[in-house]
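Me: I have just opened this structure and would like a friendly walk through it. Could we take it one question at a time?

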Amino acid sequence: MEFAVLGSLHVSTGGRTLDLGWPKQRAVLAALLLSANRPVAVSELVDAVWGERAPASAAAGVQKYVSGLRSLLGAGRLLTRRPGYCLVAGEDELDLLRFDALAAAGRTAM
């Protein structure tokens, strides 16, 4: 699976780009990818999606979007981790992680 957040958000697998769903579900995915391999609190996801105008049902909305993403991404990719959720991605799968690794290697080489 390939994740991209640098530029336009997209996910592909087996050479095909996945339909990431509604804008709010895409916002949840983007927030999780920006903190890949680290737990993201539900409150942070609510802020990423709704900002200061979050409805009372926002936490339930996040759960709905996470459920949709789990169906899309497959088992073991999106984990429940206190205080929220953690998206698991390897350096070879997420462009942001590859960029960070290459930048660190460049700093070391200098």
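Me: In which loop is Pro83 found?
Reply: Happy to help, and one note first: this is a predicted model, where local features need pLDDT of at least 70, side-chain atom pairs count only at pLDDT 80 or more, and totals for chains, interfaces and linings use all residues. Residues are numbered from 1 along each chain as its sequence is written, and side-chain values use heavy atoms, with hydrogens and water left out. Helices (H or I, at least four residues) and strands (E, at least two) are DSSP runs numbered from the N terminus. With those names in hand, Pro83 is found in the loop between β5 and β6.

Me: Is the peptide bond from Arg82 to Pro83 cis or trans?
Reply: Omega is the angle to look at, and for the bond from Arg82 to Pro83 omega is near 10°. That peptide bond is cis.

Me: Which element gives the largest share of the largest nonpolar core?
Reply: A nonpolar core is a set of buried Ala, Val, Leu, Ile, Met, Phe, Trp, Tyr and Cys residues joined through side-chain atoms within 4.5 Å. Here the largest one has 29 residues, and Leu29, Leu32 and Leu87 touch the most other members. Two or more residues come from each of α1 (23–34), α2 (42–50), α3 (58–73) and β6 (84–87). The largest share, six residues, comes from α3.

Me: Which residues does Leu32 touch, leaving out those up to four places away in sequence?
Reply: Contact means heavy atoms within 4.5 Å. With residues up to four places away in sequence not counted, Leu32 touches Val40, Leu45, Leu69, Leu78, Tyr85 and Leu87.

Me: Which residues of α2 are buried?
Reply: Buried means under 20% relative accessible area, exposed over 50%, and partly exposed in between (1.4 Å probe, protein chains only). What covers the buried residues of α2 includes α1, β4, α3 and β6. The buried residues in α2 are Leu45, Val46, Val49 and Trp50.

Me: How wide an arc do these buried residues of α2 cover around the axis?
Reply: The arc is that of the directions from the helix axis to the C-beta atoms. Leu45, Val46, Val49 and Trp50 are the buried residues in question. They lie on the same side of α2, because they cover an arc of only 105°.

Me: Which two residues form the aromatic pair?
Reply: The structure holds one such pair. Rings of Phe, Tyr and Trp (its six-membered ring) pair if their centres lie within 6.5 Å, and planes under 30 degrees apart count as stacked, over 60 as edge-to-face and the rest as tilted. This pair is tilted, at 6.4 Å centre to centre and 35° between the planes, and its members are Trp50 and Tyr65.

Me: How far apart in sequence are the parts that this pair ties together?
Reply: Both partners are buried: Trp50 has a relative accessible area of 19%, and Tyr65 is at 10%. Trp50 lies in helix α2 and Tyr65 in helix α3, so the pair ties together parts whose separation in sequence is 15 residues.

Me: Which residue forms a salt bridge with Arg98?
Reply: A salt bridge is a side-chain nitrogen of Lys or Arg within 4 Å of a carboxyl oxygen of Asp or Glu, and the count comes to two. For Arg98 the closest N and O atoms are 4.0 Å apart, and the partner is Glu2. Arg98 lies in helix α4 (residues 95–109) and its partner in strand β1 (residues 2–4), so the pair ties together parts that are 96 residues apart in sequence. Arg98 is partly exposed at 29%, as is, at 40%, Glu2.

Me: Are Arg77 and Glu93 buried or exposed?
Reply: Their side chains meet in a salt bridge (2.9 Å, N to O). Arg77 lies in the loop between α3 and β5 (78–81) and Glu93 in the loop between β6 and α4, so the pair ties together parts that are 16 residues apart in sequence. Both Arg77 and Glu93 are buried.

Me: Which are the edge strands of the open sheet of three strands?
Reply: Two strands pair if DSSP finds at least two bridges between them. The order is β1-β2-β3, with antiparallel pairing, and β1 and β2 pair over three bridges. An edge strand pairs on one side only, which here applies to β1 and β3 (16–17).
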